[in-house]
Amino acid sequence: MTTTVAPTVRVRRARLADLATVVRLRLALLREHGDHPIYSRLRPDAERRAREVFASQLTSTGEQMFLAEHEGAVVGILRCVESISSPLLDPPRYGYVSSVYVEPAQRRHGVLRALLAAAEEWCRQRGIVELRLHSVYGDPVSSTAWEHVGFEPVEVVRMKKL
(Lines give C-alpha, C1' and ligand atoms only; values in the text may rest on other atoms or scores of the structure.)
Protein backbone atom coordinates (compact mmCIF):
# COMPACT_ATOMS: atom_id res chain seq x y z
CA MET A 1 0.00 0.00 0.00
CA THR A 2 1.34 3.40 -1.02
CA THR A 3 -0.60 6.60 -0.35
CA THR A 4 0.10 10.04 -1.73
CA VAL A 5 -1.82 13.01 -0.28
CA ALA A 6 0.41 16.06 -0.67
CA PRO A 7 2.10 15.97 -4.09
CA THR A 8 5.58 15.69 -2.59
CA VAL A 9 4.76 13.29 0.28
CA ARG A 10 4.60 9.55 -0.30
CA VAL A 11 3.53 7.14 2.46
CA ARG A 12 4.37 3.46 2.50
CA ARG A 13 4.21 0.58 4.94
CA ALA A 14 7.36 0.13 6.98
CA ARG A 15 9.23 -3.16 6.60
CA LEU A 16 11.74 -4.95 8.78
CA ALA A 17 14.43 -3.56 6.47
CA ASP A 18 13.41 -0.09 7.75
CA LEU A 19 14.23 -0.95 11.37
CA ALA A 20 17.11 1.52 11.72
CA THR A 21 14.93 4.34 10.41
CA VAL A 22 12.04 3.36 12.68
CA VAL A 23 14.35 3.36 15.70
CA ARG A 24 15.80 6.75 14.73
CA LEU A 25 12.41 8.42 14.30
CA ARG A 26 10.73 6.92 17.34
CA LEU A 27 13.64 7.80 19.62
CA ALA A 28 13.66 11.32 18.15
CA LEU A 29 10.01 11.59 19.24
CA LEU A 30 10.89 10.63 22.81
CA ARG A 31 13.90 12.95 22.89
CA GLU A 32 11.79 15.84 21.63
CA HIS A 33 9.80 15.59 24.86
CA GLY A 34 12.81 15.48 27.20
CA ASP A 35 11.03 17.57 29.83
CA HIS A 36 7.99 15.26 29.96
CA PRO A 37 7.51 13.40 33.28
CA ILE A 38 7.42 10.01 31.53
CA TYR A 39 9.38 10.43 28.29
CA SER A 40 12.30 12.14 30.03
CA ARG A 41 13.22 8.81 31.65
CA LEU A 42 14.78 7.30 28.54
CA ARG A 43 17.03 4.41 29.49
CA PRO A 44 20.73 4.48 28.51
CA ASP A 45 20.24 1.30 26.45
CA ALA A 46 17.02 2.52 24.82
CA GLU A 47 18.32 2.10 21.29
CA ARG A 48 19.16 -1.58 21.82
CA ARG A 49 15.80 -2.21 23.49
CA ALA A 50 14.02 -0.29 20.73
CA ARG A 51 15.47 -2.50 18.00
CA GLU A 52 14.05 -5.60 19.67
CA VAL A 53 10.62 -4.13 20.43
CA PHE A 54 10.18 -2.36 17.11
CA ALA A 55 11.29 -5.42 15.11
CA SER A 56 8.52 -7.37 16.80
CA GLN A 57 6.02 -4.61 16.02
CA LEU A 58 7.10 -4.48 12.37
CA THR A 59 6.31 -8.18 11.95
CA SER A 60 3.02 -8.14 13.86
CA THR A 61 -0.20 -8.77 11.93
CA GLY A 62 -2.26 -6.63 14.31
CA GLU A 63 -0.50 -3.36 13.66
CA GLN A 64 1.19 -1.36 10.95
CA MET A 65 3.84 1.33 10.87
CA PHE A 66 3.80 3.85 8.05
CA LEU A 67 6.70 5.93 6.81
CA ALA A 68 6.35 9.25 4.99
CA GLU A 69 8.94 10.10 2.34
CA HIS A 70 9.75 13.46 0.83
CA GLU A 71 12.27 13.72 -2.01
CA GLY A 72 13.50 10.19 -1.26
CA ALA A 73 14.10 10.75 2.48
CA VAL A 74 11.97 9.34 5.28
CA VAL A 75 10.59 12.33 7.19
CA GLY A 76 7.79 10.89 9.31
CA ILE A 77 6.34 7.83 11.01
CA LEU A 78 3.01 6.69 12.40
CA ARG A 79 2.11 3.41 14.11
CA CYS A 80 -1.47 2.10 14.11
CA VAL A 81 -2.57 -0.85 16.24
CA GLU A 82 -5.82 -2.78 15.99
CA SER A 83 -7.06 -2.60 19.59
CA ILE A 84 -9.88 -4.36 21.42
CA SER A 85 -12.41 -2.18 23.24
CA SER A 86 -14.05 -2.96 26.53
CA PRO A 87 -16.65 -5.71 26.02
CA LEU A 88 -19.15 -3.25 27.49
CA LEU A 89 -18.61 -0.55 24.86
CA ASP A 90 -18.98 -0.05 21.14
CA PRO A 91 -17.21 -0.23 18.82
CA PRO A 92 -15.67 -3.61 19.66
CA ARG A 93 -12.34 -2.63 18.03
CA TYR A 94 -10.59 0.64 17.27
CA GLY A 95 -7.38 1.81 15.68
CA TYR A 96 -4.88 3.13 18.21
CA VAL A 97 -2.50 5.68 16.71
CA SER A 98 0.87 6.05 18.41
CA SER A 99 4.47 7.01 17.87
CA VAL A 100 3.69 9.78 15.40
CA TYR A 101 6.70 11.87 14.51
CA VAL A 102 7.43 14.28 11.67
CA GLU A 103 10.88 15.80 11.21
CA PRO A 104 10.68 19.44 12.40
CA ALA A 105 11.63 20.90 9.00
CA GLN A 106 8.78 18.93 7.35
CA ARG A 107 5.99 19.96 9.71
CA ARG A 108 3.00 21.87 8.33
CA HIS A 109 3.61 20.42 4.84
CA GLY A 110 0.98 17.66 4.81
CA VAL A 111 3.11 14.85 6.24
CA LEU A 112 0.82 14.18 9.23
CA ARG A 113 -2.26 14.22 6.98
CA ALA A 114 -0.62 11.77 4.58
CA LEU A 115 0.40 9.40 7.38
CA LEU A 116 -3.05 9.58 8.92
CA ALA A 117 -4.75 8.91 5.56
CA ALA A 118 -2.73 5.69 5.24
CA ALA A 119 -3.67 4.62 8.79
CA GLU A 120 -7.33 5.39 8.15
CA GLU A 121 -7.32 3.29 4.98
CA TRP A 122 -5.60 0.41 6.81
CA CYS A 123 -8.30 0.59 9.49
CA ARG A 124 -11.14 0.72 6.96
CA GLN A 125 -9.78 -2.39 5.25
CA ARG A 126 -9.99 -4.15 8.64
CA GLY A 127 -13.53 -2.96 9.36
CA ILE A 128 -12.36 -0.52 12.04
CA VAL A 129 -14.54 2.59 12.33
CA GLU A 130 -12.78 4.67 15.01
CA LEU A 131 -9.30 5.98 15.75
CA ARG A 132 -7.95 6.95 19.17
CA LEU A 133 -4.65 8.34 20.38
CA HIS A 134 -2.87 9.84 23.36
CA SER A 135 -0.97 13.07 22.91
CA VAL A 136 1.37 15.02 25.17
CA TYR A 137 -0.61 17.01 27.72
CA GLY A 138 -0.14 20.76 27.65
CA ASP A 139 1.52 20.88 24.22
CA PRO A 140 -0.53 23.45 22.26
CA VAL A 141 1.21 22.69 18.95
CA SER A 142 0.41 18.98 19.22
CA SER A 143 -3.16 19.66 20.35
CA THR A 144 -3.76 22.03 17.45
CA ALA A 145 -2.31 19.59 14.92
CA TRP A 146 -4.53 16.74 16.12
CA GLU A 147 -7.61 18.94 16.18
CA HIS A 148 -6.89 20.06 12.60
CA VAL A 149 -7.02 16.43 11.43
CA GLY A 150 -10.30 15.72 13.24
CA PHE A 151 -9.36 14.40 16.69
CA GLU A 152 -11.07 15.81 19.76
CA PRO A 153 -9.95 15.46 23.38
CA VAL A 154 -12.06 12.95 25.33
CA GLU A 155 -10.03 12.02 28.43
CA VAL A 156 -6.88 12.84 30.35
CA VAL A 157 -4.26 10.31 31.49
CA ARG A 158 -2.95 11.05 34.97
CA MET A 159 0.18 9.79 36.74
CA LYS A 160 1.14 9.44 40.41
CA LYS A 161 4.60 8.36 41.52
CA LEU A 162 4.69 5.92 44.42
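Me: Why is arginine 126 called partly exposed in this predicted model?

Reply: Arginine 126 has a relative accessible area of 28%. Buried means under 20% and exposed means over 50%, so 28% lands in between and arginine 126 counts as partly exposed.

Me: What makes the contact between arginine 126 and glutamate 82 a salt bridge?

Reply: Their closest N and O atoms are 2.8 Å apart. The cut-off is 4 Å, so this pair qualifies. The pair links distant parts of the chain, with arginine 126 in the loop between α3 and β6 and glutamate 82 in strand β4, 44 residues apart.

Me: Which residue meets glutamate 82 in a salt bridge at 2.4 Å, N to O?

Reply: That's arginine 93. Glutamate 82 sits in strand β4 and arginine 93 in strand β5, so the pair ties together parts that are 11 residues apart in sequence.

Me: How do you know whether glutamate 69 is buried or exposed?

Reply: Glutamate 69 has a relative accessible area of 14%. Buried means under 20%, so glutamate 69 is buried. Its salt-bridge partner arginine 10, at 2.5 Å (N to O), is partly exposed at 35%.

Me: What does the salt bridge between arginine 10 and glutamate 69 tie together?

Reply: Arginine 10 lies in strand β2 and glutamate 69 in strand β3, so the pair ties together parts 59 residues apart in sequence.

Me: Why does the lining of the largest cavity count as 3 nonpolar, 2 polar and 1 charged?

Reply: The lining is Ala14, Gln57, Leu58, Glu63, Gln64 and Met65. Ala, Leu and Met count as nonpolar and Glu as charged, with Gln among the others, so the split is 3 nonpolar, 2 polar and 1 charged.

Definitions and conventions. Residues numbered from 1 in each chain as written. Predicted model: local features only at pLDDT ≥ 70, side-chain atom pairs only at ≥ 80, totals over all residues. Heavy atoms only, no water. 1 Å grid on protein atoms, 1.4 Å probe; cavity = no way out; pocket = protein on both sides within 12 Å on 5 of 7 lines; lining within 4 Å. Salt bridge = Lys/Arg side-chain N within 4 Å of Asp/Glu carboxyl O. Helix = DSSP H or I, 4+ residues; strand = E, 2+ residues; numbered from the N terminus. Buried < 20%, exposed > 50% of the residue type's maximum accessible area, 1.4 Å probe, protein only.
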